[in-house]
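Me: I would like to learn how to read buried elements, buried charges and internal space in a model. Could we work through one case?

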Amino acid sequence: MFKRHSIPGTSPATLIAPSAAAKSIQELRVADYSPGVLEEKQYASVAEIPADPPAGTIRWIELNGLGDTTALQALGQRYNLHPLALEDALNLGHRPKVEAYDDQLFIVVQMIYRDADDRLCGEQVSMFLLRDTLITIQEEPHDDVFGPVRERLRSGRGRIRKSGPDYLAYTLLDSIIDHVFPVLEAIGDNVEELEDEMTEKPTPECLRKLHEMKRSLMVLRRFTWPERDVINALLHDDGGLIDKSTKVFLRDCYDHTIQIMDLIESYRDIVSGLMEIYLSLVGIRTNEVMRVLTVISAIFIPLTFVAGVYGMNFSPEANGERLPWNMPELYSPYGYLGCLVLMATIATGQIIYFKRKGWW
């Protein structure tokens with residue numbers, strides 16, 4: 001299991017790459033854009049990034065991969081990023097939050113998505129919002145949900161090129177939040193399939209799937225619930241970094257977080273109900289098996305009694321004389337057949353009685 005926090009006792013603002021990202025490849029991309037211009041380029045180091053673009057041009061810096069802290073330190077020195085915020089960007093698994101520093105906002109969110117193997121994945125995304133620059137820091141360089149945002153930026157559709165870095169930050173947050181909906185839809189489909197499967201035949205595999213769904217919903221709730229507070233904090237920001245026109249879109253994003261929380265709570269209730277149904281169905285099946293076994297045992301109890309009585313092998317004679325207190329049926333030529341007929345009659349009568357009572 002990878003460490004996702006600093007070593008206890010480490011000095012504040014110490015930058016230590018998380019062990020989970022020790023072998024990840026680091027990518028540094030920069031996009032400078034304005035209403036009519038877009039320039040994208042990948043750099044090997046922060047020192048290679050050109051000076052700040054002309055007025056009216058917005059810069060988006062993407063640092064993907066946390067295996068090397070050199071680039072992060074260089075970004076912090078160049079853009080005067082707060083050292084405690086830089087440390088939080090490296091300490092993974094943070095609760096989504098917004099922190100205000102001098103002329104900058106530090107935003108932490110958790111990005112949830114499904115990979116190519118349909119596995120649920122989570123990744124921390126840190127953002128530094130400045131006057132004309134947005135810096136994003138991700139755990140992994142290859143997987144994210146920002147593809148549609150990059151396409152809109154390249155095509156110039158919408159208002160993304162006409163707005164500031166606050167609107168770019170909104171589009172990234174909106175993409176992160178909206179990508180939770182497909183995850184919840186997949187969970188909802190699995191819940192419906194599992195409900196049908198359990199109704200037909202509940203198995204331990206059904207219980208395992210229920211636990212996986214419950215765990216996935218718990219992870220989603222853990223990271224989505226505070227994202228609502230993040231959007232709300234941005235809506236009430238009075239530092240001037242969030243434009244009034246951008247807050248209109250953030251309200252829509254806030255509504256999406258509420259919808260997601262409603263869906264998560266609904267699916268959690270359904271999964272909990274399915275677990276109760278599973279236990280009830282297993283209990284019913286166990287009762288049915290026990291009822292059959294009880295009926296079979298009840299049928300064989302008198303048969304065992306008859307066989308035990310007629311199986312007592314006392315000697316019928318002593319000193320050549322016939323003893324008077326032995327069972328007379330033992331000397332009958334049809335005693336064995338008569339005993340079998342008696343036992344069959346008893347069993348048949350019991351079965352008819354149990355059938356009429358509805359016990360079998």
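**Reading the interior**

Reply: This is a predicted model. Start with helix H2: its buried residues pack against helix H1 (70-79), strand S4 (97-101), strand S5 (104-114), S6 and strand S7 (133-138).

Me: Why is helix H2 described as largely enclosed by the rest of the structure?

Reply: A residue is called buried when its relative accessible area is under 20%. In H2 (residues 83-90), six of the eight residues are buried, so the helix is largely enclosed. Those six are Ala85, Leu86, Glu87, Asp88, Ala89 and Leu90.

Me: Strand S6 was among the packing partners of H2. Which residue of strand S6 (residues 120-129) should I look at next?

Reply: Take Glu123, which sits in that strand. For a buried charge, look for a partner of opposite charge; a salt bridge needs the nitrogen and the carboxyl oxygen within 4 Å. Glu123 is buried and has no salt bridge, as the nearest oppositely charged side chain, Arg150, is 8.9 Å away.

Me: Which backbone nitrogen lies 3.2 Å from a polar atom of the Glu123 side chain?

Reply: That of Glu139. Glu139 is also among the residues Glu123 touches beyond four places in sequence, together with Val109, Gln110, Met111, Tyr113, Gln138, Glu140 and Asp143.

Me: How is empty space found?

Reply: A probe the size of a water molecule is rolled over the atoms, which shows where space is left empty. Here the count is one cavity of 30 Å³ or more, and the largest cavity holds about 40 Å³.

Me: Which helix gives the most to the lining of the largest cavity?

Reply: Helix H4 (residues 165-178), with four residues. The full lining is Ile107, Leu129, Asp166, Ala169, Tyr170, Leu173, Leu234, Ile242 and Leu250.

Methods. Residues are numbered from 1 along each chain as its sequence is written. This is a predicted model: local features need pLDDT of at least 70, side-chain atom pairs count only at pLDDT 80 or more; totals for chains, interfaces and linings use all residues. Side-chain values use heavy atoms; hydrogens and water are left out. Helices (H or I, at least four residues) and strands (E, at least two) are DSSP runs, numbered from the N terminus. Buried means under 20% relative accessible area, exposed over 50%, partly exposed in between (1.4 Å probe, protein chains only). Lys and Arg count as positive and Asp and Glu as negative; His and the chain ends are not counted. A polar contact is a pair of N or O atoms within 3.5 Å; within protein, one must be able to donate a hydrogen and the other to accept it, and residues adjacent in sequence count only if both atoms are side-chain atoms. Contact means heavy atoms within 4.5 Å. On a 1 Å grid over the protein atoms alone, a cavity is a set of points where a 1.4 Å probe fits but cannot get out, and a pocket is an open set with protein on both sides within 12 Å along at least five of seven lines; lining residues have an atom within 4 Å of a point. Grid points are joined across faces, edges and corners, and a volume is the space filled by probe spheres set on the points.
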